[in-house]
Every structure is written in structure tokens, then in C-alpha cells.
Amino acid sequence: MNDKALRLGTRRSRLAMAQSGQVAEAVSRVTGRPVELVEITTYGDVSREQLAQIGGTGVFVTALRDALLKGEVDFAVHSLKDLPTTQPDELVVAAVPAREDPRDVIVARDALKFTDLPSGARIGTGSPRRMAQLNAYARSHGLDIATVPIRGNVDTRIGYVRSGELDAVVLAAAGLNRIGRGDEVTDFLSVDTVLPAPGQGALAIECAAGNADLVAALAELDDPFTRIAVTAERSLLAALEAGCSAPVGALADLLADGQIVKEMRLRGVVGTTDGTRMVQLSTTGPVPETHDRATALGRELAAEMLAQGAAGLMGERAH
């Protein structure tokens, strides 16, 4: 029996440490081995540039993957929405655990709901996807809001509201829940208002493809429904040729009849950040039974979106 500690590579942010700590406990349970966290600084953590400017794609992931490829860590935990859609051959996502709440939320002053924000309210977010959808919603409902680009960790972002600099900030429900700050949410944004980022709320546990024993052990943490859903969402993103800084929202949800899951609905949206032009489509069908079918579903919806002019709405194409 191998009782040597497994090394888990993680970003240093409070959120990354929290979610890695939760995964470490689960991996320890299924392997019977201790797990130690190895903190790795990524370019996305040290750069002060706007995420949209540094390209978004992979800025939080590359250093972790390098550590995996060099054998400095045994496995890594990523927020799935940070993971580029192309998968290196030497690495495998061995598990996608059950997803947290995929929704976006707002933390607003005076415990305000989104629709109760005053005219001219300043809402902070670094995400073109959130800006596009919030501005489109405001436009169609006669609300007057201003989206303000911000960066920083959860404390920094919520700090802008507490200091009165902003009226509200938009964050992911999953992140706040994982660090035990879900009680600070003042409103949940319905996915009908703002579709989340592809893979939002889900984690990816990645390791070397050649480490068959570890791949098999980690696979016990995989949630098949979550994996199928995020596969479809990420396939849509890839087919739109969009990096994770592009204004693309996608969500696959499983439609159940009682306890029996019958169908999967995939929704996608892309829009200009000012919210003036949006392409939003959905498709519903049988739950894909294979990775390839889930991928095909995402590609098909992306093709329909491109046919309706989605490509022209994404600004600079990510290459």
C-alpha cells in the first residue's frame, strides 16, 4: 500500500485554497493517502491587467499544468471555467465532481436586489459576459445601470461596495459558497437574466494521463451528469472560437420528470458588452450518453449561433 502523500497543485487565492482543500479531503478518502497542498503562483494571480486584456485563456492554469508536466505535483484542481477548451495530450481531467450552484449573484449595498438598484447604479464586474447580459437586461427593462470593469479577489470586489465606490458587484455563487460567504449575497441572478460562464460552479481535477492508478482513483470523484453538462457548454465555447475572456454564456441543465432525468437543455448567449446586440439560443434533446454526443450538441448550437451573427459580436477573435 502506497501511503506517500499526494501533492495537489493549487493557486494561492483564498478561493483556490478552499476548493483545493475540499478536493484534498475527498481524494484522501478515496485513495487512503494523505494529500498535501502545493501553492503555485500563476500569471493571472500576479498580473494587474484586466483579464480581458491579457487574453483570459489559461492565465490561471498554465503554471499549474507546467508543474504537473514536470512532475512537481501529482494532480491539480482548477475552476473549470478557467480551463482552456483544448486539452494537452499528456494531461487528463480525471474527475469533474458534482457542480456547485452555477449562477451569478450580486452583492449590493443596503441588501438591494438587482431590480431595486437606483437609476445610474454602478455595478462592478471584470467579465465581458456579465456586462453584455446585464446591459441587455437593463436595456430591455428600462433600467439605467453603468457596468464598471474591476479585478481582484472576493474581498477586494466586495470592498468596493462596502466603501460606497460601487452600488453592487457581480460574483459567482459557487465561489462565495466555497469560502463560506454565501450569506453576503443580496440577490441571485436568474439564469434567464444572466447565463453563467461555461463550466461555472464546476471543478476539474487534472493529472498526468500516464498515471493510470491515480487517474482511476480520482475517477471515483467524477459526477457523470456534471461532466456531460460542462462538456456540452465548453464545446459550444470552443466552436465559437472564444477564449474565456469572450462574452459567451452557456448552461446545460438536466430536465427531470420526478426522479428520472429525461432531457438536457443547452442554452448559449453571446453579445456586445454594451448589451445592444445579442444572439441567444437554446436546444433541448435526450441526455447525451457519450462525450462525443455532448460535444456534438455544443457544436450544433454554436453553428446556429454563428449563423445568426454571433462571430461579429465577440470583438477581437481569440487566437
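In the predicted model, one side of helix H10 is rich in buried positions: Ala-294, Thr-295, Leu-297, Gly-298, Leu-301, Ala-302 and Met-305 are buried. Viewed down the H10 axis, these residues fall within an arc of 155 degrees, so they line one face of the helix. An α-helix has 3.6 residues a turn, so residues three or four places apart point the same way. The buried residues of H10 pack against helix H9 (224–239) and against strands S12 (260–271) and S13 (278–286). The face turned away from the buried side carries exposed residues, namely Asp-292, Arg-293 and Ala-307.

H10 spans residues 291–307, a run of 17 residues. From first C-alpha to last, the helix reaches 25 Å, close to the 24 Å expected at 1.5 Å a residue. Gly-309 follows H10 and has a positive phi, near 95 degrees.

Strand S1 (residues 6–10) pairs with strand S2 (residues 35–39). The pairing is parallel and runs over five bridges. Leu-8 has Leu-37 of S2 as its bridge partner. Together with helix H1 (residues 14–31), S1 and S2 make a right-handed β-α-β unit.

Overall, the protein contains 10 helices and 13 strands. Its radius of gyration is 19 Å, close to the 20 Å given by the globule rule for 319 residues, so the protein is as compact as a globular protein of that length. The C-alpha atoms fill a box of roughly 65 × 45 × 45 Å along the principal axes. Of the 319 residues, 52% are buried. Among contacts between residues at least 6 apart in sequence, 72% join residues at least 24 apart.

Key. Residues numbered from 1 in each chain as written. Predicted model: local features only at pLDDT ≥ 70, side-chain atom pairs only at ≥ 80, totals over all residues. Heavy atoms only, no water. Pairing = 2+ DSSP bridges. Helix = DSSP H or I, 4+ residues; strand = E, 2+ residues; numbered from the N terminus. Right-handed = clockwise from strand over helix to strand, strands pointing away. Expected span 1.5 Å × (residues − 1). Buried < 20%, exposed > 50% of the residue type's maximum accessible area, 1.4 Å probe, protein only. Arc of directions from axis to C-beta. Contact = heavy atoms within 4.5 Å. Rg over C-alpha atoms; globule rule 2.2 N^0.38 Å.
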